[in-house]
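Please open the structure in your viewer and keep the selection panel at hand. The stops below begin at the ligand and move outward from there.

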Amino acid sequence: MDSGTIAFLGLGHMGLPMAGNLVAAGYSVRGFDVVPAAVEAAQAAGIPTAASALEAVKGAHVVLTMFPGGQQLLDAYRGVDGPGLLDVAGPGTMFLDCSTINVDEAREAAGLVVEAGHRSVDAPVSGGVVGAEAGTLTFMIGALAEDLEAVRPLLEVMGGKLVHCGDHGAGQAAKVCNNMILGVSMIAASEAFVLGEKLGLTHQALYDVVSTASGQCWAVTTNCPVPGPVPASPANRDYQPGFAGALMAKDLGLAMNAIESTGVAAELGPMAARIYERFRDEGGAGRDFSGIITDIRDRSAGVD
Ligand code: NAD
């Protein structure tokens, strides 16, 4: 597929560096964000911009969205008090959504896209701002095989790994499942490190065992919640994110919606969602999600 012009909508923390990588790779990009400061930042980074989302989309071959949530996506597709993106796009335009949204919203959005005579790919990412800047994101993709092949070259500019998870919505499904494991495992790892402290274990000793034993997980070996054993983990820089608590709370909320709509008898996922909601509301929104360990430690104080 000739990617022609890419309308890139949503130039926030993730979208800006992703769009920058496309421009650097020689793609023709027209960016837009509803926040003027984001548009100015994009211009300063050498990303061409349009005066509105509809302007950006007119004549574009690909409409790439990187929005905070599904409501913004559905509103933009349909239009609020006027035409939407689906109305002004040329026939057969590729709508590539990289936002993290509800599985049901992703399926609804894809249905609208296809009904309007266009093509839809959901491709949420993991890897954070660092991965977006480095072009090493992992894309979890829900799409028809031929549509994935059409956008593969674009995704390979922005990402290091592409996983085709299934049909529309499957990318979002894989993302919420993965992040539910991550939320639960970070809480488990943090509780274990605080328990180890109480039992007189050094962080290094516990790390040396867990990292090579059956408790091994990403939350310990890459994002270790205590400073020392993994020098690059956010714990070594006072829990500067990394992956912010607000985003973990958001993703667990999406997982809870999926659990509710499917009726899965999950217990730990909902508990993790409540724990991260509290973490977000009590000062953890902008801290790395591994900072949950300081809450656990604080609540364990005075019981030695
Ligand atoms: P962000 O809030 O920084 O950026 C989103 C941007 O979309 C904002 O600048 C906002 O103004 C813009 N926007 C909203 N509605 C719009 C519209 N109708 N038209 C044009 N622009 C619009 O968020 P982010 O951190 O860049 O995250 C984007 C998405 O990626 C989210 O869904 C998030 O969950 C997901 N994500 C983020 C990270 C991360 O580490 N930040 C990691 C993985 C996935």
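Begin by selecting helix H7 (128–134) and helix H12 (245–262), each of which supplies at least two residues of the shell around the ligand. Helices (H or I, at least four residues) and strands (E, at least two) are DSSP runs, numbered from the N terminus. The model is predicted: local features need pLDDT of at least 70 and side-chain atom pairs count only at pLDDT 80 or more, while totals for chains, interfaces and linings use all residues. Residues are numbered from 1 along each chain as its sequence is written, and side-chain values use heavy atoms, with hydrogens and water left out.

**The ligand and its shell**

Next, display the 20 residues around the ligand; His-13, Met-14, Asp-33, Phe-67 and Lys-250 come nearest. A residue is near a molecule if one of its heavy atoms lies within 4 Å of it. By class, this shell holds 10 nonpolar, seven polar and three charged residues. Here Ala, Val, Leu, Ile, Met, Phe, Trp, Tyr, Cys and Pro count as nonpolar, Asp, Glu, Lys and Arg as charged, and the others, Gly among them, as polar.

Which side chains have an N or O atom close to an oxygen atom of the ligand? Select His-13, where the distance is 2.7 Å, and then Asp-33, where it is 2.6 Å. Add Lys-250, which has a polar side-chain atom 2.8 Å from an oxygen atom of the ligand. A polar contact is a pair of N or O atoms within 3.5 Å; within protein, one must be able to donate a hydrogen and the other to accept it, and residues adjacent in sequence count only if both atoms are side-chain atoms. Of the 830 Å² of accessible area that the ligand has on its own, the protein covers 85% (Shrake-Rupley method, 1.4 Å probe; for residues, only the protein chains shown count as cover).

**The largest pocket**

Where does the ligand sit? The ligand occupies the largest pocket, with more than half of its atoms within 2 Å of the grid points as the criterion. On a 1 Å grid over the protein atoms alone, a pocket is an open set with protein on both sides within 12 Å along at least five of seven lines, a cavity is a set of points where a 1.4 Å probe fits but cannot get out, and lining residues have an atom within 4 Å of a point.

The volume of this pocket is about 1,500 Å³; grid points are joined across faces, edges and corners, and a volume is the space filled by probe spheres set on the points. Among its 48 lining residues, select Met-14, Gly-128, Val-129, Phe-243 and Leu-247, which lie nearest its centre. Helix H9 (170–198) gives the most to this lining, with six residues.

**The second largest pocket**

Move to Val-176, Cys-177, Ala-258, Ile-259 and Thr-262, which lie nearest the centre of the second largest pocket among its 13 lining residues. H6, H9 and H12 each give two or more residues to that lining. The most, five residues, come from H12. The space in this pocket is about 190 Å³.

**The cavity**

Finally, select helix H6 (103–115), which provides four residues, the largest share of the lining of the largest cavity. Lining residues to display include Leu-73, Phe-95, Ala-106 and Val-121. About 70 Å³ of space lies in this cavity.
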